[in-house]
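Me: Could you take a close look at one part of this model with me? I'd like a connected account rather than a list.

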Amino acid sequence: MPFFKVTLIRSAIGLPKKTSGVLQALGLWKRMATVFHPVSPHVAGQIMAVKELVAVSEVEHALTKAEMRANRRPDP
C-alpha cells in the first residue's frame, strides 16, 4: 500500500488560519517534520492546499519514528 511522505519545508507563520489548520490536520507542527499518510483523494486534497509549503514523495511503506531516527544517524 503506497504512502505519501510529507515534509514541512516552509513555516506557516503569517499565513491564514485555514492554511495553518490544514497543516495541523496533516500532523505537521514544526519545520522539517515528516509524516506518512496513505494515498487517498482526501489526503491529496489537503496536500494540494499547502503545496507551496511542503515536499511530497510517494513511498511503498511508512517508516516508524525509530527508523527515521536511525536513517539520520551518521555511519560510525
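What follows is a walk around strand β1 and the parts that meet it.

Reply: Happy to. Some ground rules before we start: this is a predicted model, in which local features need pLDDT of at least 70 and side-chain atom pairs count only at pLDDT 80 or more, while totals for chains, interfaces and linings use all residues. Numbering starts from 1 along each chain as its sequence is written, and side-chain values use heavy atoms, with hydrogens and water left out.

The setting comes first. The protein chain has 3 helices and 3 strands, where helices (H or I, at least four residues) and strands (E, at least two) are DSSP runs numbered from the N terminus. Along the sequence they follow the pattern β-α-β-α-β-α. The C-alpha trace spans about 45 × 30 × 15 Å along its principal axes. Of the chain's 76 residues, 28% count as buried; that means under 20% relative accessible area, with exposed being over 50% and partly exposed in between (1.4 Å probe, protein chains only). As for contacts (heavy atoms within 4.5 Å), take those between residues at least 6 apart in sequence: 75% of them join residues at least 24 apart.

Now to the sheet. It is open, has 3 strands in the order β2-β1-β3, and its pairing is antiparallel; strands pair if DSSP finds at least two bridges between them. β2 and β3 stand at the edges with a single partner strand each, so one side of each has no neighbour in the sheet. Neighbouring strands are turned by 25 degrees against each other on average, direction ignored. Such angles use axes that are lines fitted to C-alpha atoms (for helices, over the stretch in contact), and run from 0 to 180 degrees between N-to-C directions. β1 pairs with β3 over 6 bridges, and with β2 over 5 bridges. If you want landmarks on screen, F4 stands opposite E58 in β3, and K5 stands opposite F36 in β2.

β1 is largely enclosed by the rest of the structure, because 5 of its 6 residues are buried. Zoom in on T7, which lies in this strand (residues 3-8). T7 counts as buried because its relative accessibility is 12%. Its side chain makes a 3.0 Å polar contact with that of T34. A polar contact here is a pair of N or O atoms within 3.5 Å; within protein, one must be able to donate a hydrogen and the other to accept it, and residues adjacent in sequence count only if both atoms are side-chain atoms. With neighbours within four places in sequence set aside, T7 also touches M32, A33, L53, V54 and A55, among others.

M32 deserves a glance of its own. This residue sits in the loop between α1 and β2 and counts as exposed because its relative accessibility is 52%. Its phi is near 65 degrees, a positive value in a residue other than glycine. Most residues other than glycine have a negative phi.

Over on β3, V56 is partly exposed, with a relative accessible area of 39%. Leaving out neighbours within four places in sequence, V56 is in contact with F4, K5, V6 and I47.

I47 leads us to α2, which lies across β1, β2 and β3 and runs at about 25 degrees to β1. Its buried residues are V43, Q46 and I47. They cover an arc of only 100 degrees around the axis, which puts them on the same side of α2; the arc is taken from the directions from the helix axis to the C-beta atoms. They pack against β1, α1 (17-26), β2 (34-38) and β3 (54-59). P41 and M48 are the exposed residues on the face turned away from that buried side.

Finally, the largest nonpolar core has 14 residues, and V6, L23, L26, L28, I47, V50 and V54 touch the most other members. Such a core is a set of buried Ala, Val, Leu, Ile, Met, Phe, Trp, Tyr and Cys residues joined through side-chain atoms within 4.5 Å. β1, α1 and α2 each supply at least two of its residues. L28 shows the meeting of parts: not counting residues up to four places away in sequence, it touches V6, L8, L23, A33, V35 and V54.
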